[in-house]
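Please look over the sequence and the structure below before reading on. The paragraphs that follow go from the whole chain to single residues.

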Amino acid sequence: MLIRRWWLVAGALAVVLALPASAGAEFAQPGWIEGVVSVAPGGTHVEGIEVCANAEIEEEENFTQCQQSKADGSYEVTGLPEGKYRVSFSSGESGLKLVTQYWRNVTTPGPATLIPIGEGQQVTNINAELQPAAGSIGRPQPKILSASWGTENAVGCPNGTQGLDNIPTTFNWFIRRASIQPTDFRIVRSDGTVAKPTCALQFPPNEADEAQTVNLIGDFGDAASGPTPVAIRVVGALQGKAPGAPKWHKIKRLPKAGVDPLSGGPYIVDAWTLMPSIYRGDQNRCAVGKAFVRVMWSNGLTAYPSGEEVGAAVTASYRALYRLPNGKTLAKAPLEVADLHDHESSFNADNMHDLCLARLPRGARLTGVTIAANLIQDPNGDPNPAQKFRVRG
Ligand SMILES: [Ca+2]
Ligand SMILES: [Ca+2]
Ligand SMILES: [Ca+2]
Ligand SMILES: [Ca+2]
């Protein structure tokens, strides 16, 4: 089968084979497939998903052509000789941990629908929505969740400068430490001036599973007489990944985020189930329980009004909300709260708590976290408002 072999060898050889005068009809035009890929929940279009078209061609090795999706989720796999193709969709270079699937939403190759492609034929709308793999969370796109003015003239940088302000900035992704530089950020003040941080640290949240926060430290304003910081922008190249995803990924431009005032209280910005792969090495992890929920806040956390590490009142008030397969909601009280005593001084307490939960019913899905008001304070001494945080998706 000369025609089929043509596609399996280098283009240069094809020219040689094409020389006989009568050969024109033998060299069929290749076909191709195209479509759009997205990631659930929400059907976000993602760059770097790998789409492969695989044909078992008689008397030949398997023939496979692959291509990655573009930023708008579209892809084209070209150069396909006539045949029937099994099309697969997988994580590729997307930086996400996704379940590999075949066209028409099956996860094993056996029952996959074969797509016939004729000579020179264009087959369109070979679309797919991929699901996050177990032990990862979706989050196909990075986002800033919060930027809150934490303290005024009260913190320092490793270069020795003291008396600085800080703005902990939280993301829905882990940010790769080696990619963070102070020059990656700008702080816009109320008078229109722009400040650069003196340093940008993953501290106090400094554990490997706490990489969602970057603490911007510098001279950002004056709460009493102004100006005050009002917005932050990311202007440099950060790298990040969704918690549980295998690869770091370049973070493209993010929308400008507003800065909460110094006097504001702390609030919950994120909650997700800690998977074993991430939680295993955590030094101050839950010592009890079967399911573990990371609760991330906008600012450092201690007990209100003592400023000591949080205790029984906080444990008693937290609830993790779950949706059960029968549609009912379960409000689960934690057995304990972990990720406490992060640092020697409670002033450096970080912005995370871990809820240690007893075994959950099968199929329970985390939908939110609640806690009553006036139990937790931020480093400026401001108490928390009551929280009814909803998990999206
Ligand atoms: Ca505050
Ligand atoms: Ca921890
Ligand atoms: Ca911690
Ligand atoms: Ca903590």
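## A walk through the predicted model

The mean pLDDT of the protein is 91, and 92% of its residues reach 70 or more. The model is predicted, and its confidence is not even along the chain: over residues 1–25 pLDDT stays under 50. For that stretch the model has 20 contacts beyond four places in sequence. Where pLDDT is low, the predicted coordinates should not be read in detail.

The protein as a whole contains 32 strands and 4 helices. Its C-alpha trace spans about 90 × 50 × 30 Å along the principal axes. Of the 393 residues, 40% are buried. Among contacts between residues at least 6 apart in sequence, 69% join residues at least 24 apart.

The interior comes next. In soluble globular proteins, nonpolar side chains tend to be buried together. Here the largest nonpolar core has 52 residues, and those with the most contacts inside it are Val 37, Val 87, Ile 167, Ile 175 and Leu 216. At least three residues of this core come from domain 1 (2–130), and at least three from domain 2 (136–263). A second, separate core has 33 residues, including Cys 286, Leu 340, Cys 356 and Ala 364. Returning to the largest core, Val 87 touches several residues beyond four places in sequence, among them Ile 33, Val 51, Trp 103 and Ile 126.

Two open sheets show how strands are arranged. One has 3 strands in the order E14-E20-E21, with antiparallel pairing. Strand E14 (174–175) and strand E21 (249–251) are its edge strands, each pairing on one side only. Strand E20 (residues 238–241) is joined to E21 by 3 bridges, and Leu 238 stands opposite Ile 251 in E21.

The other sheet has 4 strands in the order E23-E24-E29-E28, again with antiparallel pairing. Strand E23 (268–273) and E28 each have a single partner strand, so one side of each is left without a neighbour in the sheet. From one strand to the next the twist averages 25°. E28 and strand E29 (residues 352–357) are joined by 3 bridges, with Val 337 opposite Leu 355 in E29.

Just before E28 comes a loop: Pro 334 lies between strand E27 (329–332) and strand E28 (336–338). Is Pro 334 buried or exposed? Pro 334 is buried, because 27 other C-beta atoms lie within 10 Å, and 20 or more is the cut-off for a buried residue. Beyond four places in sequence, Pro 334 touches Thr 315, Tyr 318, Ala 320, Leu 355, Cys 356 and Leu 357.

Two other prolines follow cis peptide bonds. The bond from Gly 226 to Pro 227 is cis, with omega near -5°; Pro 227 lies in the loop between strand E18 (213–218) and strand E19 (229–234). The bond joining Tyr 304 and Pro 305 is also cis, with omega about 0°. Pro 305 is in the loop between strand E25 (302–303) and helix H4 (312–317).

Finally, two arginines have a positive phi although neither is a glycine. Arg 104, with phi near 70°, is in the loop between strand E7 (101–102) and strand E8 (115–117). Arg 139, with phi of about 50°, is in the loop between strand E10 (128–130) and strand E11 (144–147). Arg 104 is partly exposed, with 13 other C-beta atoms within 10 Å, whereas Arg 139 is buried, with 26.

Definitions and conventions:
Residues numbered from 1 in each chain as written. Chains lettered and ligands numbered in written order. Predicted model: local features only at pLDDT ≥ 70, side-chain atom pairs only at ≥ 80, totals over all residues. Pairing = 2+ DSSP bridges. Buried ≥ 20, exposed ≤ 12 C-beta atoms within 10 Å, placed from the backbone. Contact = placed C-beta atoms within 7 Å. Axes fitted to C-alpha atoms, helices over the stretch in contact; angles between N-to-C directions. Core = buried A, V, L, I, M, F, W, Y, C linked by C-beta atoms within 7 Å. Domains from an automatic or database assignment. pLDDT = per-residue confidence, 0-100.
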